[in-house]
Amino acid sequence: MARTKEFDPDAALQSALELFWRRGYEATSMADLVEGLGIARASLYATFGSKRELYLRALERYVEQHDPALLAELSQPGPALPAVRALVRRYADTAGEEGRRGCFVTNTVIELAAHDPGVERKAAASLGSLELALTGALMRAQAQGELSPGREPRALARMLVVLLQGIRVVGKTVDGGPRVLDAAEQALALLD
């Protein structure tokens, strides 16, 4: 007869996400995970597989928790450009919050994407979703007369994705706040 789990896998996954987000992949050992999740090593392996598999599931969880609200914000009916502006300003305003841990997707790209194609694909998919949502919002803005007809929505969206990820990186520095606020406002001026 199979034993029942003596822990909540969903709660354990959320704890792993928080631990990886604070410390990063390399700096989080299996011993850290066992202690942080409060489960035995054997249970951790049986439920989540390897450390890498757990990290990938944590990345998926982060994307599931954060991407839908962001994408919904950009697809609201009505004027589209204010939603784009609000998103960029929110990224800039919150860049240094939460102990400067940044965005989990951005952190993943920085730490792992160059040498882990599976991680890179998942992170690229999240960034691609953001680009697509921004492109759609900018196309709507253009159709509604909010954005000049001579502007290229996809290119602007790509510029904004790069800016937003840069905001998350620079925002992790002690004096990043003024830099990201200035950069955000300069980028938003391009939308006029």
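This passage describes the fold, the nonpolar cores, the aromatic pairs, the salt bridges and one surface patch of a predicted model. Local features were accepted only at pLDDT of at least 70 and side-chain atom pairs only at pLDDT 80 or more, while totals for chains, interfaces and linings use all residues. Residues are numbered from 1 along each chain as its sequence is written, and side-chain values rest on heavy atoms, with hydrogens and water left out.

The chain contains 9 helices and 0 strands; helices (H or I, at least four residues) and strands (E, at least two) are DSSP runs, numbered from the N terminus. Read from the N terminus, the order of elements is α-α-α-α-α-α-α-α-α. Along the principal axes, the C-alpha atoms fill a box of roughly 65 × 40 × 25 Å. Of the contacts (heavy atoms within 4.5 Å) between residues at least 6 apart in sequence, 69% join residues at least 24 apart. The chain exposes about 10000 Å², of which carbon and sulfur atoms supply 57%; accessible areas come from the Shrake-Rupley method with a 1.4 Å probe, and for residues only the protein chains shown count as cover. Buried residues make up 42% of the 192 residues in the chain, where buried means under 20% relative accessible area, exposed over 50%, and partly exposed in between (1.4 Å probe, protein chains only).

In soluble globular proteins, nonpolar side chains tend to be buried together. A nonpolar core is defined here as a set of buried Ala, Val, Leu, Ile, Met, Phe, Trp, Tyr and Cys residues joined through side-chain atoms within 4.5 Å. The largest core has 29 residues, and those touching the most other members are Leu 74, Leu 130, Leu 134, Leu 138 and Ile 167. Two or more residues of this core come from each of α4 (51-74), α5 (81-93), α7 (117-143), α8 (153-170) and α9 (176-189). Helix α8 gives the largest share, 7 residues. Not counting residues up to four places away in sequence, Leu 74 touches Ala 83, Val 84, Leu 87, Leu 130, Ala 133, Leu 134, Ala 137 and Arg 140. A second, separate core has 27 residues, among them Leu 37, Phe 48, Tyr 55 and Phe 104.

The whole structure holds 7 aromatic pairs. Rings of Phe, Tyr and Trp (its six-membered ring) pair if their centres lie within 6.5 Å; planes under 30 degrees apart count as stacked, over 60 as edge-to-face and the rest as tilted. In one pair, the ring centres of Tyr 25 and Tyr 55 are 5.1 Å apart and the planes stand at 80°, so the pair is edge-to-face. Tyr 25 belongs to the loop between α1 (9-23) and α2 (30-37) and Tyr 55 to helix α4, so the pair ties together parts that are 30 residues apart in sequence. Tyr 25 is buried at a relative accessible area of 15%, and Tyr 55 is buried at 2%. Ring pairs join both tyrosines with Phe 20, Trp 21, Tyr 62 and Phe 104 in a cluster.

Side chains of opposite charge can pair when their charged atoms come close. A salt bridge is counted when a side-chain nitrogen of Lys or Arg lies within 4 Å of a carboxyl oxygen of Asp or Glu, and the count comes to 9. One of these joins Glu 73 and Arg 90, with the closest N and O atoms 2.8 Å apart. Glu 73 lies in helix α4 and Arg 90 in helix α5, so this bridge ties together parts 17 residues apart in sequence. Glu 73 is partly exposed at 21% relative accessibility, as is Arg 90 at 35%.

Asp 192 and Arg 85 form another salt bridge (2.6 Å, N to O). This pair links the segment after α9, which holds Asp 192, to helix α5, which holds Arg 85, across 107 residues. Asp 192 is exposed, at 65% relative accessibility, whereas Arg 85 is buried, at 17%. A further bridge connects Arg 158 with Glu 131, the closest N and O atoms being 3.0 Å apart. Arg 158 in helix α8 and Glu 131 in helix α7 are 27 residues apart. Arg 158 is partly exposed at 40%, and Glu 131 is buried at 18%. Salt bridges with shared partners join Glu 131, Arg 154 and Arg 158 into one network.

On the surface, Ile 110, Val 169 and Val 170 make a nonpolar patch of about 220 Å². Patches consist of residues with over 30% relative accessible area and no salt bridge, with like charges joined within 9 Å and nonpolar side chains (Val, Leu, Ile, Met, Phe, Trp, Tyr) within 5 Å. Ile 110 lies in helix α6 (residues 104-113) and is exposed, with a relative accessible area of 55%.
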